[in-house]
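Here's a quick briefing to read with the model open next to you. Have a look at the fold, then work through the topics below.

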Amino acid sequence: MSFPVVYTLFLRRPAWSFTLYFAKLFWNFARSAAKPPGFFPGVGVGAFLQSFVSGTLLVFCWEITNALFTIFLGQEPLKRGQPLTAEAKDPNGSLLNGLKAKKEVVNSFAFWELCFISQRFPDRRKAIFNDIDREGGAAWSQIRDASVELIQGISTRISESKQDKSKPSSQTIRKPQPEIHTLPRLADPPKKDNIFAASPKATSRPAQFAETIGTTAKSYGQSSDWTPVARARVRDAFGRASSAVLSPERKQKLLASSREFRLLTGPTPKTGPETIHPFIVQFLRSPVGQPLRQTYAQRLRSIVLGRPHASLCPLVDAIESLTRLLVASVTEDMFGKVCADVPTVVCLFTKTITDLEPFINGGLGIHWTDVTFPPSSDPQAQAAARRVPEVDLVLAVLKSSLADLVAAFSKHARDFGLGEKDLRLARKAAGIEERKES
């Protein structure tokens, strides 16, 4: 297209023609209509008012939809007073599919319904106990496996967080090389000069550079700033060796006489938010640095309740469901197969409590980005900051459920396969005082 044509089509047209082109995308104009008035046709007070009213109604519709959806999700999984799966062709099968679902919403509602069944509906409990000829195992065994897997995740995640990352992995372990009897000479024979004499100073520039690099490398190797892992290993080895060879008096004299021993066996240097630069602390306290902070409560919830989203409700429902189903199986299980899993569940609750309670009370360190955590000079504030309501709820539910199991099965513990040691550990974990036999 030549320049005169472009000039004729675009440059010589009035300004309202271009605005009319865009206005036709939203409004209909008749071909016989006259020239629209105004510099921007179709745009006026009425258009602004219409846009404002439409936007307000749209936002209002979104808010109402969100509120109704939240109210709907907060309702109990019941329909006409019965569980949601009661009207299905296979109620137990539908419930098991929900317990094994990977979607969090479906899985949460399934465990919520299971909790209601274990507490309020004896007919459904009996149907679960009597359903033993199902593909994949009995209905009770599949419910037990799904619940146990969810509860075992607490101890698994705690143990993973405590693992020493400095341990060499299986990939770094080298296989022993075959012995080579004859090797070529790769270096000059050792010098016979005085090794304690000072090295001559370098004269050339490459030699001076090599000397500077060597001095810096030696300073890192001879530094007394040990890592916490190396300090712990040396402290352990020194403690065992000194206990076997030295008396306590000589051990104290040795520790007091050498600075290196005091560095190795002394307390580990503090690391945390209190030791970082004030400028970094101020940046982390600002709104810009807030996404970079890893608070204690956030890290504790992610470890105990799971990642990436903390699943509190399914975990609590799984604990309650197992407890109520086991207690009800004493009178409702016709085949007597459910009670055989009492020792497994009791030991599981005991181990979970013994792993979780110390981890809550100081087992998790403070991340260096957690600048909002109280300082070490205020131990009471630190103890209060370590209390996370969601995690405390899980611990409380575990203890109360374990206490109910011990109270229900302690009288006939031998018949159910519970040993004295298991009962003693369960009472201690649940906080039950053992009765002294008179």
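What follows is a short tour, from the overall make-up down to single side chains.

Keep in mind that this is a predicted model. The protein has 438 residues, 29% of which count as buried, and its secondary structure comes to 19 helices and 2 strands. Two spots get extra attention here: helix H13, which is largely enclosed by the rest of the structure because 7 of its 10 residues are buried, and the salt bridges that involve helix H17, including Arg-324 to Asp-404.

**Overall picture**

- Contacts reach well along the chain: among those with a separation of 6 or more, 71% are between residues 24 or more positions apart.
- About 31,200 Å² of the protein is exposed, and carbon and sulfur atoms supply 59% of that area.
- The largest nonpolar core has 62 residues. The members that touch the most others are Leu-99, Leu-300, Leu-326, Phe-349, Leu-356, Val-394 and Leu-402.

**Helix H13, boxed in**

- H13 covers residues 296–305, and its buried residues are Tyr-296, Arg-299, Leu-300, Ser-302, Ile-303, Val-304 and Leu-305.
- Who does the covering? The list includes H7 (139–162), H14 (312–332), H15 (342–363), H16 (379–385) and H17 (389–409).
- Leu-300 turns up twice: it is buried in H13, and it is one of the core residues that touch the most other members.
- Right after the helix comes Gly-306, with a positive phi near 105°.

**Helix H4 and its neighbours**

- In H4 (residues 91–99), the buried residues are Asn-92, Gly-93, Leu-95, Leu-96, Gly-98 and Leu-99.
- Cover for these buried residues includes H5, H6 (122–130) and H7.
- Leu-99 is one of the best-connected core members in that it is listed among those touching the most others. Leaving out residues up to four places away in sequence, Leu-99 touches Asn-107, Ala-110, Phe-111, Leu-114, Ile-143 and Ala-146.

**Gln-142, a polar residue under cover**

- Gln-142 sits in helix H7. Is it buried or exposed? With a relative accessible area of 8%, Gln-142 is buried, since the cut-off for that label is under 20%.
- Its side chain reaches the backbone oxygen of Glu-135 at 3.3 Å.
- Beyond its neighbours within four places in sequence, Gln-142 contacts Leu-96, Lys-100, Arg-134, Glu-135, Gly-136 and Gly-137. Of these, Leu-96 is one of the buried residues of H4.

**Salt bridges**

- The whole structure holds 13 salt bridges.
- Glu-320 pairs with Arg-324, with their closest N and O atoms 3.5 Å apart. Both are in helix H14, and because they are 4 residues apart, about one helical turn separates them.
- The two partners differ in burial class: Glu-320 is buried at 15% relative accessible area, whereas Arg-324 counts as partly exposed at 27%.
- Arg-324 also bridges to Asp-404, where the closest N and O atoms are 3.2 Å apart. Arg-324 is in H14 and Asp-404 in H17, so this pair ties together parts that are 80 residues apart in sequence. Asp-404 is partly exposed, at 29% relative accessible area.
- Which residue does Glu-357 bridge to? Its partner is Lys-399, and the closest N and O atoms are 2.9 Å apart. This pair links distant parts of the chain, with Glu-357 in H15 and Lys-399 in H17, 42 residues apart.
- Both ends of that pair are partly exposed: Glu-357 at 28% relative accessibility and Lys-399 at 23%.
- Elsewhere, Asp-90, Asp-131 and Arg-134 are linked in a salt-bridge network. Arg-134 is also one of the contacts of Gln-142.

**A nonpolar patch on the surface**

- Phe-69, Phe-72, Leu-73, Val-105 and Val-106 make a nonpolar surface patch of about 470 Å².
- Helices H3 (45–73) and H5 (104–120) each supply at least two of the patch residues. H3 gives the largest share, 3 residues.
- Val-105 is one of the patch residues and lies in H5, a helix that is also part of the cover over the buried residues of H4.

Terms used. Residues are numbered from 1 along each chain as its sequence is written. This is a predicted model: local features need pLDDT of at least 70, side-chain atom pairs count only at pLDDT 80 or more; totals for chains, interfaces and linings use all residues. Side-chain values use heavy atoms; hydrogens and water are left out. Buried means under 20% relative accessible area, exposed over 50%, partly exposed in between (1.4 Å probe, protein chains only). Contact means heavy atoms within 4.5 Å. Patches are made of residues with over 30% relative accessible area and no salt bridge: like charges are joined within 9 Å, nonpolar side chains (Val, Leu, Ile, Met, Phe, Trp, Tyr) within 5 Å. Accessible areas come from the Shrake-Rupley method with a 1.4 Å probe; for residues, only the protein chains shown count as cover. A salt bridge is a side-chain nitrogen of Lys or Arg within 4 Å of a carboxyl oxygen of Asp or Glu. A polar contact is a pair of N or O atoms within 3.5 Å; within protein, one must be able to donate a hydrogen and the other to accept it, and residues adjacent in sequence count only if both atoms are side-chain atoms. A nonpolar core is a set of buried Ala, Val, Leu, Ile, Met, Phe, Trp, Tyr and Cys residues joined through side-chain atoms within 4.5 Å.
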